[in-house]
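Welcome! Here is a friendly walk through a protein model, taken one topic at a time.

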Amino acid sequence: QPTKIKSPLEEETKPYEFYEYNGIKIDKEIDRRFLTQTEVYATIILKDESTLNFDPNLSKQENFLIYKQKMLYFDMLRNEFLSALNTSDFKLTSEVYGSVNGYITKYGFEKIKESPLVEVIYIPRPMYLHYRPNKL
């Protein structure tokens with residue numbers, strides 16, 4: 001019987017497995033990678049404890065104002081989060097609404113896991129779209 005060869009896509013797109021530590025959801029793959037790597041690329045989602053929420057009953061202009069306020073809230077939160085770290089802990093590569101991406105060291109990971117500002121830490125996986133034309 002032939003042996004099934006694992007596709008690189010299968011390995012890269014395996015489902016997320018999380019555990020919880022200190023109220024933070026953490027991707028188990030981070031711990032696995034630290035066994036062989038000194039830095040791990042990760043996304044850190046910050047906790048949204050604001051009361052700013054979009055409302056379908058409000059006008060577009062009113063929701064846009066809420067969006068702008070929420071952006072200011074996340075700017076403040078992100079700055080507070082990043083100020084507790086240095087470049088030997090975390091190397092920022094990009095910022096996205098309510099989250100940061102970058103390379104974390106093991107020591108930085110331990111510090112981030114203790115932050116009350118963090119909700120989720122995970123390794124982003126590549127997404128692949130497959131086009132399958134309809135056969136008539």
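## Strands and their partners

Two strands pair if DSSP finds at least two bridges between them, and strands themselves are DSSP runs of at least two residues, numbered from the N terminus. With that in mind, let us look at this model, which is a predicted one.

Strand β6 is a good place to start. Its residues 118-122 run parallel to strand β2, residues 24-27, and two bridges join them. One residue to find here is Lys-25, whose bridge partner in β6 is Val-120. Ile-26 stands opposite Ile-121 in β6.

Strand β6 also pairs with β3 (residues 39-46), in the antiparallel sense and over four bridges. On this side, Ile-44 stands opposite Ile-121.

## The whole sheet

In what order do the six strands of the open sheet lie? The order is β1-β2-β6-β3-β5-β4, and the pairing is mixed. β1 (18-21) and β4 stand at the edges; each has a single partner strand, so one side of each is left without a neighbour in the sheet. On average, neighbouring strands are turned by 25° against each other, direction ignored.

A helix joins the picture too: α3 lies across β3, β4, β5 (99-105) and β6, and runs at about 140° to β3.

## Between α3 and β4

The loop between α3 (60-83) and β4 (90-96) holds Asp-89. Is Asp-89 buried or exposed? Asp-89 counts as buried because its relative accessibility is 1%, and the cut-off for buried is under 20%. Leaving aside residues up to four places away in sequence, Asp-89 touches Tyr-103, Ile-104, Thr-105, Tyr-107, Gly-108 and Lys-111.

## Aromatic rings

How many aromatic pairs does the structure hold? There are nine aromatic pairs. One of them is formed by Phe-81 and Phe-90, with an edge-to-face arrangement: 6.4 Å centre to centre and 70° between the planes. Phe-81 counts as buried, since its relative accessibility is 2%; Phe-90 is buried as well, with a relative accessible area of 4%.

Ring pairs also link Phe-64, Tyr-67, Tyr-73, Phe-74 and Tyr-97 into a cluster.

## Lysines over rings

Lys-25, which we met as the bridge partner of Val-120, lies over the face of Phe-18, at 4.8 Å from the ring centre. Lys-113 lies over the face of Tyr-21, at 4.9 Å from the ring centre.

Conventions:
Residues numbered from 1 in each chain as written. Predicted model: local features only at pLDDT ≥ 70, side-chain atom pairs only at ≥ 80, totals over all residues. Heavy atoms only, no water. Buried < 20%, exposed > 50% of the residue type's maximum accessible area, 1.4 Å probe, protein only. Contact = heavy atoms within 4.5 Å. Phe/Tyr/Trp six-rings, centres within 6.5 Å; stacked < 30°, edge-to-face > 60°. Lys NZ or Arg CZ within 6 Å of the ring centre and 35° of its normal. Axes fitted to C-alpha atoms, helices over the stretch in contact; angles between N-to-C directions.
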